[in-house]
Amino acid sequence: MIDALDRQLFLLLNASGDAPRWWIGTASFFAVHAHWVLLVLLAGYALRRGKPSLKPLLAMVLALGLGALAGEVIGVLWNRPRPFAIGLGFLHISHGPSPSFPSSHATAYGAVAFSFLLVAGHRAFGCILLVLAALVAVARVVVGVHYPTDVFFGVVLGGLAAMAAHDLIARAGRLRATRGMIGSPQASGKEEP
């Protein structure tokens, strides 16, 4: 039942062969080249703040790696064919027949967005990045390379990867702080009485 609903929603969102060129062009840009928009947003945000905040940036890099790894494992375990591979809908960009679930693009953009959303003081920017993630996710369906559930769960997976990244960073910080407190008195410059 969910698979049938997913296919119906795909057919509703996927641009037909006679869709306006501007619609297919816009969707193709966000499906393939949105990383340029992301780079401009990140650079602009760093310049506006005056100094980059390492916590969301470090979490972003770690979340991208965790999300990519999890996505690859899921793709191997559940090798769902892409819509065009089974003759469903219209394909508007060239793409290989790699596993469809989850969307690696949606996972990556979700990981980036949630890396900022989870840090106080960066949530407004995280919301902007989440809008970009949604645009990329929808565009991947419009151009015919993913089902809606592929991109939805990709963004969710990216969010979970960001949560895991923040947790790992917090644990590493606590471990580092604990090691500093247990250090020998000579290391702290104080001598025992």
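Helices here are DSSP runs of H or I at least four residues long, numbered from the N terminus. With that in hand, Pro-102 can be placed in the loop between α4 and α5. The model is a predicted one, and this loop is a handy spot to start looking around. Pro-102 is joined to Phe-101 by a cis peptide bond, with omega at about -10°.

Two serines sit in that stretch as well. Ser-94 belongs to the loop between α4 and α5, and so does Ser-100. Is Ser-100 buried or exposed? Ser-100 turns out to be buried, its relative accessible area being 0%. Setting aside neighbours within four places in sequence, its contacts are Arg-80, Pro-81, Arg-82 and Pro-83, plus Val-145, His-146, Tyr-147 and Asp-150. Ser-94, on the other hand, is exposed, because its relative accessible area of 72% lies above the 50% cut-off. Its C-alpha is 9.0 Å from that of Val-145, with the two positions 51 residues apart in sequence. Val-145 thus turns up twice: in the contact list of Ser-100 and in the C-alpha pair with Ser-94.

Ser-100 also gives a reference point for helix α7, which spans residues 148-182 and holds Val-156. The C-alpha atoms of Ser-100 and Val-156 are 15 Å apart, for a sequence separation of 56 residues. Val-156 counts as partly exposed, since its relative accessible area is 34%, a value between the 20% and 50% limits.

Moving on to the helices on either side of the loop, α4 covers residues 54-77 and packs against α5 at an angle of about 150°, the axes being 8 Å apart. The two helices are therefore roughly antiparallel, as angles over 145 degrees fall in that class. The crossing of α4 past α5 is right-handed. On the α4 side, the residues that meet α5 are Pro-56, Leu-57, Ala-59, Met-60, Ala-63, Leu-64 and Gly-67. The α5 side brings in Thr-107, Ala-108, Ala-111, Val-112, Ser-115 and Phe-116. Sorted by class, that contact comes to ten nonpolar residues and three polar ones, with no charged residues.

How does the pairing of α2 with α6 look? These helices pack at about 120°, again with axes 8 Å apart. That angle makes α2 oblique to α6, and the crossing is left-handed. From α2 come Trp-23, Ala-27, Phe-30 and Ala-31, which meet Leu-132, Leu-135, Val-136, Ala-139, Arg-140 and Val-142 of α6. The class count for this contact is nine nonpolar, no polar and one charged.

In soluble globular proteins, nonpolar side chains tend to be buried together. Which residues have the most contacts inside the largest nonpolar core? They are Leu-38, Tyr-109, Phe-116, Leu-129 and Leu-132, out of a core of 25 residues. Helices α2 (21-32), α3 (34-49), α5 (104-117) and α6 (123-142) each give two or more residues to this core, and α6 supplies the largest share, seven residues. Leu-38 touches Tyr-109, Val-112, Leu-129 and Leu-132, not counting residues up to four places away in sequence. There is also a second, separate core of eight residues, including Phe-10, Leu-88, Ala-137 and Tyr-147. Tyr-147 of that second core is one of the contacts of Ser-100, which leads back to the loop between α4 and α5.

Terms used: Residues are numbered from 1 along each chain as its sequence is written. This is a predicted model: local features need pLDDT of at least 70, side-chain atom pairs count only at pLDDT 80 or more; totals for chains, interfaces and linings use all residues. Side-chain values use heavy atoms; hydrogens and water are left out. A nonpolar core is a set of buried Ala, Val, Leu, Ile, Met, Phe, Trp, Tyr and Cys residues joined through side-chain atoms within 4.5 Å. Buried means under 20% relative accessible area, exposed over 50%, partly exposed in between (1.4 Å probe, protein chains only). Contact means heavy atoms within 4.5 Å. Axes are lines fitted to C-alpha atoms, for helices over the stretch in contact, and angles run from 0 to 180 degrees between N-to-C directions. Angles under 35 degrees count as roughly parallel, over 145 as roughly antiparallel, 65 to 115 as roughly perpendicular and the rest as oblique. A crossing is left-handed if the near helix is turned anticlockwise from the far one by less than a right angle, and right-handed if clockwise. Ala, Val, Leu, Ile, Met, Phe, Trp, Tyr, Cys and Pro count as nonpolar, Asp, Glu, Lys and Arg as charged, and the others, Gly among them, as polar.
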